[in-house]
Every structure is written in C-alpha cells, then in structure tokens.
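Please open the structure in a viewer and display it as a cartoon. The tour below proceeds by selections, each followed by an account of what is found there.

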Amino acid sequence: MDGFARMTGIGFIKRLLGNTDGEQGSVPHVQATLGARMLVVDDSPTICAVLGKMLGHEGYAVSRANDGDSAIQLARDEQPALIFLDIVLPGMNGFAVLRALRHDPLTRHIPIMMISGNQQATEQFYVQRFGADDFMKKPFGRDEVCKRIGQLVQSGRLAARKPSEPVSLPLSELSEEALAAIPDIAMPYADEPHAIVPSPRPRPGLQMAHGVY
C-alpha cells in the first residue's frame with residue numbers, strides 16, 4: 001500500500017476537484033507497459049466497448065466485468081495492472097467492490113480508477129474518498145484516459161512503457177469494422193439509465209485506513 005499512500009495529498013485532491021486543466025500540457029504521453037491487462041468494470045455494454053476500444057488502441061489487453069462479484073473474481077484471478085471501476089453497479093456497487101479489493105491481500109496493491117457519470121455518486125466520492133487512486137468523470141475521451149494512465153505511471157503506481165516499445169498499437173479481438181462502429185467518447189447512461197445504489201455508511205467508531213473502511 002506504500003504506492004497508494006503516495007497518491008494522497010494535494011495532487012490527489014486537485015484531481016478530485018477537476019483542477020487539472022492547467023497541468024495537462026505538463027503531462028507527457030507516457031503509458032504503462034505494452035500489453036498490460038486492464039480490467040473495465042461497468043454494467044453498460046457500450047461503456048465497456050468504448051473504454052475497451054480506447055485501451056486496445058493504446059496496446060493494452062482488456063478484460064471486462066459487468067457486476068461487482070465478477071470484478072472481484074477477475075481481479076483475483078488475472079491480477080490486472082489497473083482497474084477502471086464504475087461507481088453505479090447492480091447489486092454490489094462500486095464503493096463496496098473497492099473496499100473488498102482493498103481489504104484482500106491478493107488485490108489491495110492494484111491501482112483503481114473510479115468512474116461515474118452519476119452526479120450523486122460523484123459527489124459521494126468527493127466527500128468519502130474511500131481508497132481509489134484517481135477518479136474520472138463521464139463523459140471522457142481517449143486523451144483523458146491516456147492522461148490518467150500517464151499520471152499513474154509518473155507516480156510509480158504503474159510500470160512505464162519501454163522507449164523501444166510503440167506508444168500506440170491496436171490490440172483488440174474485434175475487427176476493424178467492429179471497432180469503427182464503437183463510439184469514441186464514453187458518455188454517461190450510454191445504455192439504460194438506472195438509479196444509484198446507496199453505499200453503506202461507516203459504523204460509528206470504526207477507523208478508516210487510507211479512506212477504506
């Protein structure tokens with residue numbers, strides 16, 4: 001958890017508040033290791049496809065889960081380099097998944113990027129923070145995804161791509177025709193909208209470690 005601890009502080013808060021526009025030019029296009037596995041957790045097939053397309057074009061391998069239980073099992077089995085975790089999920093919501101992953105010795109080290117297009121969930125994340133490495137609000141595009149990954153590389157949470165490796169390389173199980181049909185922007189409520197599932201509140205007197213209880 002030492003790497004996660006380094007993500008706390010002023011830089012993390014500035015990203016939560018969306019105060020990154022002025023820093024965008026200073027963040028080079030650095031990416032994680034070519035072929036690194038990314039786990040996308042979202043119950044929207046469209047969001048999974050869009051984010052999977054973005055990551056595939058950057059040379060990453062992509063796994064997908066549409067609910068919390070599947071996400072936890074995949075994280076344990078595949079040990080992804082990074083998890084993109086939607087807050088609003090059916091059944092076990094993203095906050096509960098995050099807590100489970102942070103408390104499991106097999107997954108507690110994995111960087112986690114929370115994502116949401118739900119305003120209530122976004123505000124809840126800002127207040128409670130939990131134990132995520134970063135937060136990305138829908139809608140987002142490929143440049144934003146690359147920027148966020150680059151920040152995790154620079155902070156030491158992800159291994160950097162070697163200079164000899166290509167910066168971008170399509171890596172997808174889909175045909176070019178199928179990829180072309182997938183949108184380039186991940187929009188909130190790309191499929192059927194649903195309501196946020198409330199997150200359990202911390203019990204009185206229970207201490208929080210790195211924002212995870």
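**A first pair in the sheet**

Select Val 41 and Leu 85: the bridge partner of Val 41 in strand E3 is Leu 85. The two strands concerned, E1 and E3, pair in the parallel sense over 4 bridges. Please note that the model under view is predicted.

**The whole chain**

Now colour the chain by secondary structure. It holds 8 helices and 5 strands, and read along the sequence these follow the pattern α-α-β-α-β-α-β-α-β-α-β-α-α. Of the 213 residues in the chain, 46% are buried. Among contacts with a separation of 6 or more, 74% are between residues 24 or more positions apart.

**The sheet**

Select the strands alone. In which order do the 5 strands of the open sheet stand? The order is E2-E1-E3-E4-E5, and the pairing is parallel. Strand E2 (61-65) and strand E5 (134-137) are at the edges; each has a single partner strand, so one side of each is left without a neighbour in the sheet. From one strand to the next, the twist averages 20 degrees.

**Strand E3**

Select residues 82-86, which form strand E3. Are the residues of E3 buried or exposed? The strand is mostly covered, with 5 of its 5 residues buried. The cover extends to both faces: Leu 82, Phe 84 and Asp 86 are buried on one side, and Ile 83 and Leu 85 on the other.

Add strand E4, residues 112-116, which runs parallel to E3 and is joined to it by 4 bridges. Two positions may be picked out here. Ile 83 stands opposite Ile 112 in E4, and Asp 86 stands opposite Ile 115 in E4.

**Ser 63 at the edge strand**

Move to Ser 63, which is found in strand E2. Why does Ser 63 count as buried? Its relative accessibility is 7%, and buried means under 20%, so Ser 63 falls on the buried side of the cut-off. Show its surroundings next. Leaving aside neighbours within four places in sequence, Ser 63 is in contact with Arg 37, Met 38, Leu 39, Val 40 and Glu 78. Val 40 is 23 residues away from Ser 63 along the chain, while the C-alpha atoms of the two are separated by 6.2 Å.

**Helix H7 across the sheet**

Select residues 142-154, helix H7. This helix lies across strand E1 (37-41), E3, E4 and E5, and runs at about 175 degrees to E5. From its first C-alpha to its last, H7 reaches 18 Å over 13 residues, close to the 18 Å expected at 1.5 Å a residue. The buried residues of H7 are Val 145, Cys 146, Lys 147, Arg 148, Ile 149, Gly 150, Gln 151, Leu 152 and Val 153. Just beyond, H7 is followed by Gly 156, whose phi is positive, near 90 degrees.

**Where H3 meets H7**

Keep H7 in view and add helix H3, residues 45-57. Two packed helices are described by the angle between their axes and the distance between the axes. For H3 and H7 the angle is about 60 degrees and the axes are 10 Å apart. H3 passes H7 in a right-handed crossing. Which residues make the contact? Leu 51, Met 54, Leu 55 and His 57 contribute from H3, and Arg 142, Val 145 and Ile 149 from H7. By class, this contact has 5 nonpolar, 1 polar and 1 charged residues.

**Two loops**

Select Pro 139, placed in the loop between E5 and H7. The peptide bond from Lys 138 to Pro 139 is cis, with omega near 5 degrees.

Then select Gln 79, in the loop between helix H4 (68-78) and E3. Phi of Gln 79 is near 50 degrees, a positive value in a residue other than glycine. Gln 79 has a relative accessible area of 34% and is partly exposed.

**A last stop at Gln 124**

Finally, select Gln 124 in helix H6, residues 119-128. Gln 124 counts as buried, at 15% relative accessibility. Add Phe 95, which lies 29 residues from Gln 124 along the chain; their C-alpha atoms are separated by 9.8 Å.

Key: Residues are numbered from 1 along each chain as its sequence is written. This is a predicted model: local features need pLDDT of at least 70, side-chain atom pairs count only at pLDDT 80 or more; totals for chains, interfaces and linings use all residues. Side-chain values use heavy atoms; hydrogens and water are left out. Two strands pair if DSSP finds at least two bridges between them. Axes are lines fitted to C-alpha atoms, for helices over the stretch in contact, and angles run from 0 to 180 degrees between N-to-C directions. Contact means heavy atoms within 4.5 Å. A crossing is left-handed if the near helix is turned anticlockwise from the far one by less than a right angle, and right-handed if clockwise. Ala, Val, Leu, Ile, Met, Phe, Trp, Tyr, Cys and Pro count as nonpolar, Asp, Glu, Lys and Arg as charged, and the others, Gly among them, as polar. The expected span of a helix is 1.5 Å times one less than its number of residues. Buried means under 20% relative accessible area, exposed over 50%, partly exposed in between (1.4 Å probe, protein chains only).
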